[in-house]
Amino acid sequence: MSKPRLLRALSAALALCLALCAGCAPKQEPETDTFTAMDTVMTLTLYGGEPDALAAAKDRVLELESRLSVTDPNSDVSVLNREGTAVLAPDTAELLRRALELCAQVDGALDVTIYPVVKAWGFTTGDYTVPDGAVIADLLTRVDYTRVRLEGDTASLPAGAEIDLGAVAKGWTGDQLAALLREKGVESALLELGGNIHTVGSKPDGSDWRVAVRDPADPEGYIGVVSVADKAVVTSGGYERYFEEAGVRYWHIMDPKTGAPVRSGLASVTVVADSGLYADALSTALFVMGRDGALDYWRAHRDFEAVLVAEDGSVTVTAGLEKSFTPSGKRVLTAADP
Ligand code: AMP
Ligand code: MG
């Protein structure tokens, strides 16, 4: 065989070999664990990293739950609510500090002192009831995040006030887990913390994660899919926890101004952001603000994107999701730039 022909034959063989190898490259198998924590079902799916990464992530969730739970009498939050003052674990104090800043940033649409009201409606026990107007008016006098004091790690509350970090705890947990997993060499992970999805990197094959946004009118179905990498995708939906009385649906997201489940016209809000804490705080706050208020907030900040689903079924996505949101049939409006 002449030299050029030999070279051509060798390079053709090499190309064929490379093509075959690409097809049969060892597929990275995920490690996964499903468990109940923070009052929801969580599934963690990890690719690669140190052997103890999955166990360490679950331990971290349980550790944060033991500090933040309002129903665990020994948690930092319960001790503070009972005693009126408490020295918090440094990470609880950090979360409370950032949550209070976020309450201010959304002008009180998020209010961590809403807990007495949430309790009165029975959302903590499942003993649901529509409280009397006078009872709500009285409870509202205890709701005011600006009166929570935090000096160093020591927090104190005015008489009668109680906090609930339920609107932000899972988002914060997602951030903590993503940081821990990266330290342990995990470059690709899907963290499903109930309605909070946190993605680390992209899928192992380099493509984006595809996260379904549920249809609030039929939560078994979905209204579309967002494609993301390295983002939190957090949903607050009226369908997640609710009861019905005399034909009226009452859900777990409260308007801190009225002390009643908020009826803003929205049925769910999904926020896509770099930070899980921010996405979680906003999913709750934008739900309270309603569509127009939520879009005004987005135009003023532009550091997140959102899918807003109204009770009438209409869907609005912010402009940054135009390419990454794939609707499943429904007509979708894209909110314009300012
Ligand atoms: P999320 O599912 O993130 O929207 O959080 C809802 C939970 O946060 C509820 O179950 C309540 O415990 C609490 N919550 C309800 N409304 C508010 C509010 N406006 N601000 C702060 N926390 C709230
Ligand atoms: Mg939230």
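Visitor: Hi! Which strands make up the open sheet with the order 8-9-18, and how do they pair?

Guide: Hello! In this predicted model, strands 8, 9 and 18 form an open sheet of 3 strands, and the pairing is antiparallel.

Visitor: Which of them sit at the edges?

Guide: Strand 8, residues 209–215, and strand 18, residues 325–327, are the edge strands. Each of these pairs on one side only.

Visitor: And how many degrees does the twist average?

Guide: From one strand to the next, the twist averages 35 degrees.

Visitor: Let's take the pairs one at a time. How many bridges join strand 8 to strand 9?

Guide: There are 7 bridges between strand 8 and strand 9, and the two run antiparallel. A hairpin also links strand 8 to strand 9, passing through 2 residues.

Visitor: Nice. What is the bridge partner of Ala212 in strand 9?

Guide: Ala212 has Val225 as its bridge partner there. You can also look at Arg214, whose partner in strand 9 is Tyr222.

Visitor: OK, now the other side. How many bridges join strand 9 to strand 18?

Guide: Strand 9 covers residues 218–228, and 3 bridges join it to strand 18, again with the strands running antiparallel. To find the register, start from Gly224, which has Pro327 as its bridge partner in strand 18. Then go to Val226, whose partner in strand 18 is Phe325.

Visitor: Good, I can trace that. What about the open sheet with the order 3-5-4, which strands are at its edges?

Guide: That open sheet has 3 strands with antiparallel pairing. Strand 3 (85–87) and strand 4 (149–151) are its edge strands, each pairing on one side only. Here the twist averages 15 degrees from one strand to the next.

Visitor: How many bridges do strand 3 and strand 5 have?

Guide: Strand 3 pairs with strand 5, residues 154–156, over 3 bridges in the antiparallel sense. One pair to look for is Thr85 in strand 3 with its bridge partner Ser156 in strand 5.

Visitor: Switching to ligand 1: how many residues surround it, and which are the closest?

Guide: Ligand 1 is surrounded by 16 residues. The closest are Asp111, Asp164, Ser236, Met254 and Thr284.

Visitor: How does that shell divide into nonpolar, polar and charged?

Guide: The shell residues divide into 8 nonpolar, 4 polar and 4 charged.

Visitor: And which domains do they come from?

Guide: Both domain 1 (3–50 + 187–335) and domain 2 (67–166) contribute at least three residues each to the shell.

Visitor: What lies 2.5 Å from an oxygen atom of the ligand?

Guide: That is a polar side-chain atom of Asp164. For Ser236, a polar side-chain atom lies 2.6 Å from an oxygen atom of ligand 1.

Visitor: What about the backbone of Ala109, how far is it from a nitrogen atom of the ligand?

Guide: A backbone N or O atom of Ala109 lies 3.1 Å from a nitrogen atom of ligand 1.

Visitor: Last one: how much of the ligand's accessible area does the protein cover?

Guide: On its own, ligand 1 has 500 Å² of accessible area, and the protein covers 93% of that.

Technical notes. Residues numbered from 1 in each chain as written. Chains lettered and ligands numbered in written order. Predicted model: local features only at pLDDT ≥ 70, side-chain atom pairs only at ≥ 80, totals over all residues. Heavy atoms only, no water. Pairing = 2+ DSSP bridges. Helix = DSSP H or I, 4+ residues; strand = E, 2+ residues; numbered from the N terminus. Axes fitted to C-alpha atoms, helices over the stretch in contact; angles between N-to-C directions. Near = heavy atom within 4 Å. Polar contact = N/O pair within 3.5 Å; in protein donor to acceptor, adjacent residues only side chain to side chain. Areas by Shrake-Rupley, 256 points an atom, 1.4 Å probe, with all protein chains shown as cover. Nonpolar A, V, L, I, M, F, W, Y, C, P; charged D, E, K, R; others polar. Domains from an automatic or database assignment.
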